[in-house]
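Let's walk through this structure together, strand by strand, and then turn to the ligand. Keep the model open beside the text as you read.

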Amino acid sequence: MRWIVQECSALKSKSYFELAELIAPEDQLDQYKMLVARRLEGEPLQYVLGTWAFCGVDLQLDRSVLIPRPETEYLVELALGYLDEMQLSTKASNSNLEGAGLGGNVANSNLEGAGLGGNVANDQLYIGDLGTGSGAIAIAIANSLRLRGKQEFGIVASDISKLALETARENARVNRVEDTIRFYESDWFEGFDSWLCRRFKLIISNPPYVSEGELTELDKTISQWEPYQALVAGKHGTEAIEKIVLEARNWLADDGVLICEIGETHGAYVRDIACRCGYERVEIIADQYGRERYLRVQNPK
Ligand SMILES: C[S@@+](CC[C@H](N)C(=O)[O-])C[C@H]1O[C@@H](n2cnc3c(N)ncnc32)[C@H](O)[C@@H]1O
């Protein structure tokens, strides 16, 4: 209830206990009753509030998109860790781009500056986010890179859901990173422009990984409210990750890295597919509870 009271109050900066001392105006009371009624129907709090924080950015959420999870925040950390490791995430690394002849040739929008307008340079930092949903991962990464002073980069984000993409675009706009992300309505990589082939230094994805059978076992606040196609990936729950692992080989640059969230029982299976696809440094990474939740692989040179 605390979140709902704070959401309805025009005094969001006040603590919950301070608010309890005040008498709410009629309109705030009506809004409060409406939101509580939605919550009592079982609607997840994040949809009721319509906004939620993820990796330091505020995202607008509705039923067109999955509610971003804390474990996906760790996926973003892994991705940023990789960019740091490769020294790709800071302002200093922009000088490489300048060396590549882009310094004096940065176009109006970052997308064009980063070559997303079709203006390709080999040293550019291109990042892919597959199944972007609310835009959570793409926006969090863009925001972090900006905070580190990194200017020239381009993020390409895809989703099969038109409605999700509308939400993602709005989130990018509100968080002022819309000039760094290009959204594609696409079945994974299918709709990407061909010049992006073998350009990505990093591809990141949190694909659906629940099997059709497991859906009924999920909490109803998930299965009845969040989008089916954001949750379910075929009979075994591995359909999406298989496709991404297979196809990413053609889109990653030499040495480029793919980092994905995976279902906790899928580690051995996903590792096997990645090895058979010819990736190097195939790693299954555990979360803080020891569950195998992430895949990280590198494209060979
Ligand atoms: C688990 S959600 C992840 C959303 C967001 N990236 C996050 O982490 O909160 C998976 C997303 O993949 C999208 N998706 C499902 N099938 C897809 C496909 N074939 N091609 C592209 N996106 C797809 C869904 O619409 C959904 O937005």
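Glu261 has Tyr294 of E9 as its bridge partner. This pair belongs to the contact between E7 and E9, two strands that run antiparallel and are joined by 5 bridges. Please keep in mind as you look that this is a predicted model.

Strand E9 has another neighbour too. E8 and E9 are paired in the antiparallel sense, again over 5 bridges, and here Ala286 stands opposite Glu292 of E9. The two strands make a hairpin with 5 residues between them. If you look into that turn, you will find Gly290 with a positive phi of about 85°. As for its surroundings, E9 is mostly covered, with 5 of its 7 residues buried.

Now step back to the whole sheet. In which order do the strands lie? The 7 strands follow the order E5-E4-E3-E6-E7-E9-E8, and they form an open sheet with mixed pairing. Strand E5 (181-185) and strand E8 (280-286) are the edges, each of them pairing on one side only. From one strand to the next, the twist averages 15°.

You can follow the parallel pairings next. Strand E6 (residues 200-205) runs parallel to strand E7 (residues 252-261), and 5 bridges hold this pair. To find the place by eye, look for Ile204, whose bridge partner in E7 is Ile259. Further along the order, strand E3 (residues 126-130) pairs with E4 in the parallel sense over 5 bridges. In that pair, Gly128 stands opposite Val156 of E4. On to the edge: 5 bridges join E4 to E5, and these strands run parallel. Here Ser158 has Tyr184 of E5 as its bridge partner.

Strand E4 deserves a longer look. Are its residues buried or exposed? E4 is mostly covered, and 6 of its 6 residues are buried. In a regular strand, side chains alternate between the two faces of the sheet. You can see two sets here: Gly154, Val156 and Ser158 point one way from E4, while Ile155, Ala157 and Asp159 point the other way, and all are buried. The edge strand E5 is mostly covered as well, with 4 of its 5 residues buried.

Helices lie against this sheet. Helix H9 (residues 162-174) lies across E4 and E5, and it runs at about 170° to E5. Helix H13 (residues 267-277) also packs on the sheet, where it touches E8 and strand E9 (292-298). The direction of H13 makes about 170° with that of E8.

E4 also leads us to the ligand. Which elements supply at least two residues each to the shell around the ligand? They are helix H8 (136-147), strand E4 (154-159) and helix H11 (228-231). The shell has 22 residues, of which Gly131, Gly133, Ile160, Asn206 and Ala230 come nearest to the ligand. Sorted by class, 11 of the shell residues are nonpolar, 9 are polar and 2 are charged.

Two lysines make a nice contrast. Lys150 sits in the loop between H8 and E4. Lys150 counts as buried because 21 other C-beta atoms lie within 10 Å, and the cut-off for buried is 20 or more. One residue to look for beside it is Ser89: the two are 61 residues apart in sequence, yet 6.3 Å apart in space, C-alpha to C-alpha. Lys220, in helix H10 (residues 220-223), is exposed because it has 9 other C-beta atoms within 10 Å, where the cut-off for exposed is 12 or fewer. Lys220 and Pro44 are 176 residues apart in sequence and 9.7 Å apart in space, again C-alpha to C-alpha.

Finally, consider the chain as a whole. The protein chain has 13 helices and 9 strands, and 40% of its 301 residues count as buried. Among contacts between residues at least 6 apart in sequence, 70% join residues at least 24 apart. How confident is the predictor, and where should you take care? The mean pLDDT of the chain is 88, and 85% of the residues reach 70 or more. Over residues 95-109, however, pLDDT stays under 50, and for that stretch the model has 20 contacts beyond four places in sequence.

Terms used:
Residues numbered from 1 in each chain as written. Predicted model: local features only at pLDDT ≥ 70, side-chain atom pairs only at ≥ 80, totals over all residues. Near = placed C-beta within 6 Å. Nonpolar A, V, L, I, M, F, W, Y, C, P; charged D, E, K, R; others polar. pLDDT = per-residue confidence, 0-100. Contact = placed C-beta atoms within 7 Å. Pairing = 2+ DSSP bridges. Axes fitted to C-alpha atoms, helices over the stretch in contact; angles between N-to-C directions.
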